[in-house]
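Biologist: I would like to go through this model with you before I use it at the bench. Please start with the overall picture and then take one part slowly.

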Amino acid sequence: MSSAPAASATAGADYRPPVALRALGAVSTLFGVIAALMILASVLITCHMIFVRGVLGQSTIWQTEAVIYLMIGATLLGLPYVQKLRGHVGVDLLPHMLPGSLRRPLAALVMVATILMVAAMVWYGWEMFHQAWRRGWKSESVWAFPLWITYLSVPLGFGLYLLQLLADLWLAVFGPDTTLPEPHPERSPD
């Protein structure tokens with residue numbers, strides 16, 4: 001029986017990332033909390049809307065639109081926190097099939113491709129936000145909510161997601177080897 005996997009796991013547990021990566025992790029966590037509070041606010045606003053319509057028999061003006069904008073914002077601002085937790089959907093069939101020496105380069109390659117796509121989202125999200133802000137766009141509802149506030153969540157959320165991906169890339173290249181352990185051959189009973 002080899003103690004290599006245990007030694008590798010211990011080395012990874014003792015590793016402390018640089019201050020910048022820990023600070024970015026704290027920012028990602030903060031935005032995860034903000035996203036959760038936005039979801040809570042949307043639930044409370046929905047309850048308010050149900051009460052106003054169902055009990056008081058009055059119409060609502062801003063509630064539906066506010067819930068939509070809060071949920072969009074929560075989704076986008078929660079991206080870096082979900083990445084920090086490795087909560088995004090991933091397919092790990094290929095890494096399980098590859099030898100351990102190829103898993104880290106594959107992880108780095110996948111992160112670089114993701115970083116390029118997310119960088120494009122930041123770029124176009126910023127253009128969309130800037131146009132809405134400069135031109136004073138408002139929603140077409142009676143509430144006439146300023147759209148730049150909602151559009152700001154696109155470059156902000158994807159920008160923080162990009163930073164978290166860059167931190168993860170740094171860890172994949174320079175951090176401890178946290179790739180999957182080598183598969184053990186089937187053992188026959190002794």
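Biologist: What percentage of the contacts in the protein with a separation of 6 or more comes from residues 24 or more positions apart? After that, please give me a close look at helix H2 (19–55) and its surroundings.

Modeller: This is a predicted model, in which local features need pLDDT of at least 70 and side-chain atom pairs count only at pLDDT 80 or more, whereas totals for chains, interfaces and linings use all residues. Residues are numbered from 1 along each chain as its sequence is written, and side-chain values use heavy atoms, with hydrogens and water left out.

To your question: residues 24 or more positions apart account for 75% of the contacts with a separation of 6 or more, a contact being heavy atoms within 4.5 Å. The protein has seven helices and zero strands, where helices are DSSP runs of H or I with at least four residues, strands are runs of E with at least two, and both are numbered from the N terminus. Of its 190 residues, 31% count as buried; buried means under 20% relative accessible area, exposed over 50%, and partly exposed in between, with a 1.4 Å probe and protein chains only.

Now to H2, which has 37 residues and reaches 53 Å from its first C-alpha to its last, close to the expected 54 Å; the expected span is 1.5 Å times one less than the number of residues. The buried residues of H2 include Leu21, Leu24, Gly25, Ser28 and Phe31, and further along Ser42, Ile45, Met49 and Val52. Among the elements that cover these residues are H3, H4 and H7. After H2 comes Gly57, whose phi is positive, near 70°.

Ser42 deserves a pause within H2, since it is a buried residue with a relative accessible area of only 3%. A polar atom of the Ser42 side chain lies 2.7 Å from the backbone oxygen of Ile39, which falls inside the limit for a polar contact (N or O atoms within 3.5 Å; within protein, one must be able to donate a hydrogen and the other to accept it, and residues adjacent in sequence count only if both atoms are side-chain atoms). Leaving out residues up to four places away in sequence, Ser42 touches Val67, Leu70 and Met71.

Val67 and Leu70 are also on the list of buried residues of helix H3. The 15 residues of H3 (residues 63–77) should span 21 Å, and the end C-alpha atoms are 21 Å apart, which agrees. The buried residues of H3 pack against H2, helix H4 (79–84) and H7.

H7 leads on to the largest nonpolar core, a set of 13 residues in which Val118, Phe158 and Tyr161 touch the most other members; such a core consists of buried Ala, Val, Leu, Ile, Met, Phe, Trp, Tyr and Cys residues joined through side-chain atoms within 4.5 Å. Two or more residues come from each of helix H6 (100–135) and helix H7 (147–174), and H7 gives the most, with seven. A second, separate core of ten residues includes Phe31, Ala66, Val67 and Leu77. In soluble globular proteins, nonpolar side chains tend to be buried together. Beyond its neighbours within four places in sequence, Tyr161 is in contact with Leu79, Pro80, Gln83, His88, Thr114 and Val118.

The loop that follows H2 also takes part in ring packing: Trp62, in the loop between H2 and H3, is paired with Trp143, in the loop between H6 and H7, 81 residues apart. Their rings lie 6.1 Å centre to centre with 50° between the planes, a tilted arrangement; rings of Phe, Tyr and Trp (its six-membered ring) pair if their centres lie within 6.5 Å, with planes under 30 degrees apart counted as stacked, over 60 as edge-to-face and the rest as tilted. Trp62 counts as partly exposed at 32% relative accessibility, and Trp143 likewise at 31%. Ring pairs link Trp62, Tyr69, Trp143 and Phe145 into a cluster. In the H6–H7 loop there is also Ala144, which has a positive phi near 55° although it is not glycine.
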